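Grab a pencil and work through these exercises with the model open beside you. Try each task before you read its solution.

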Amino acid sequence: MIPTSFKNKLHTCSYLIFLFAISVTFASGINPIKTKDKTVKVFKSQFENVLGTSFEMKIKTSSNKQASNAEKIALNEINRLSKIVSAYDKNSEFSLWMQTQNTPVKASKELIEVLSLFDSWKSKTKGALDPAAEVVCQVWKTAEKNQILPSKESIQTAIATVNQKHWTIDYTNGTVTHLTNAPLMLNTFVKSYIIDHATKKVIEETGVESVVMNIGGDILVAGNQKETVEIANPKASAINDAAIDIVRIQNQFIATSGNYKRGNLIGDQWFSHIVDPRTGFPAENSISATVVANNATDAGALATAFNVLSVTESVELAKQFPDAAYLIITKDGERIQSNNWTSIEIAKENNAVANNLVVKNDQWDPAYELTVNLELAQIQGGARRPFVAIWVENKDKAPVRTLTVWFNKPRWINHLRAWYSANYSKFNAETQSINSVASATRSAGKYAIKWDGKTDSGDFVKQGIYTLNIEVAREHGGYQLITQEIKVNNKANKIELASNPEVASASLEIKKK
């Protein structure tokens, strides 16, 4: 029989252990979810230069080891599939096949599947989606280089080249025969295809509760997780600009395609990088299309197709996919959405009060904004995104506004030692948004962050001298701090900042909105 005094000591010890566990959990900055006496956490990873863009993954599991393993499996599968279908890798299976002609070549099941999907989507869109669209893209890239619009003859030649049959597939023998020497590019839905396969492999091999995988703004949410996704405004450039819409999805894929990230400038005219292979001209009907569907390749293909097709053609095509919900923004700013879009849409906060502040003559003019253009140094083959803090201080070096802080675990924020020292006392890691953002694909490591001239409390600053700070700290790597004095006097100004081992380029620009 155990004495009562000893029992009391055991209860006291257990209670202290419980309190310690709770304190550690909340110190980690991750909200716990109790499932069968196991604490489930959301583990977040960010990488740059994966498939030429950014990569973010969220894993819900109770095991640190399982989360780490999931990350490795995802990266390995992405790399494996890239080595099959990438047109940018000269040694990929697709690139080596492109060097052959009129000879049946044994192909992997993945390459055959992707080429077969392109045949299917070319038919469904009546030629609007075609890997030979690269022929037209090259015509317009040459036009930009020469700063001369393409001739009618060059356009017609490009269309004729696109309309050729570029391959045949022998499903029985598992071979593909390349028939032309036209440049082909497997874009459109291939990123969606890779995300889908990588996510399924992670879940199958690790048994994690959920995966949210985001590569360049295309996102798959799989498992026991409802994810809030902000849809980037196609007329806004900064990552901290307000979203055009917000949705919540589960076990679905969301893809966004648009012409607002990339294109060709000829003279003073901007032309989309998305072209219509049927006409030989850049697409101009829409500036953004977002599609949510149960099937990843359906979402990716439809999002691109809606940028090429007319609105009428897009609505007609969508009828073949009743599970898909879509939002199209036309070049005139009109919103075209499916009837089922509201089923995934969530209400946005009303900021009308904040936007009607009384501004004094000696304060920041609300008509202006400051944009921080930042390009992180790239590591070949992909690497973890470094921690970054960007904030503004007044002439007395007192913090005025934190524009952005990037971190994956709150306990490591102190790696940003200058920002941490000045700002952490009033920074609450728990309140920081971890929503995913769906957007058109952008280049790896390139970001724009805006300052609207307000303090952390929402008041406009007074005119005068301020300091803009950019701090970059790489986990187990380099550290850099850039400080630049800026003059707030409601006049346009642009400052180029010096590069360093962690920042490939950076600039500050104050101008009217």
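Buried means under 20% relative accessible area, exposed means over 50%, and partly exposed is in between (1.4 Å probe, protein chains only). Helices (H or I, at least four residues) and strands (E, at least two) are DSSP runs, numbered from the N terminus. The model is predicted, with local features needing pLDDT of at least 70 and side-chain atom pairs counting only at pLDDT 80 or more, while totals for chains, interfaces and linings use all residues. Residues are numbered from 1 along each chain as its sequence is written, and side-chain values use heavy atoms, with hydrogens and water left out.

**Exercise 1.** Sort out the two sides of helix α6 (residues 152-162).

*Solution.* Start with the buried residues: Ile155, Ala158, Ile159, Thr161 and Val162. They sit on the same side of α6, because they cover an arc of only 160° around the axis (the arc of the directions from the helix axis to the C-beta atoms). Now flip to the face turned away from that buried side: here you meet the exposed residues Lys152, Glu153 and Thr157. Last step, what covers the buried residues? The cover includes α4, α5 (133-146) and β15 (281-282).

**Exercise 2.** Work out the strand order of the open sheet that holds β4, β5 and β6.

*Solution.* First, the rule: two strands pair if DSSP finds at least two bridges between them. β4 and β6 (residues 175-178) pass with three bridges, in the antiparallel sense. One spot to find is valine 105, which stands opposite valine 176 in β6. The full order is β4-β6-β5, with antiparallel pairing. That leaves β4 (104-106) and β5 (167-170) as the edge strands, each pairing on one side only. From one strand to the next, the twist averages 30°. Finally, add helix α4 (residues 109-124), which packs on the sheet and touches β5 and β6 (contact means heavy atoms within 4.5 Å). The direction of α4 makes about 125° with that of β5; axes are lines fitted to C-alpha atoms, for helices over the stretch in contact, and angles run from 0 to 180 degrees between N-to-C directions.

**Exercise 3.** Describe how β25 and β26 are joined.

*Solution.* Count the bridges: ten link β25 (residues 464-473) to β26 (residues 479-488), and the two strands run antiparallel. For one pair, take valine 472, whose bridge partner in β26 is glutamine 480. Then check the turn: the strands form a hairpin with five residues between them, and histidine 476 there has a positive phi of about 55°.
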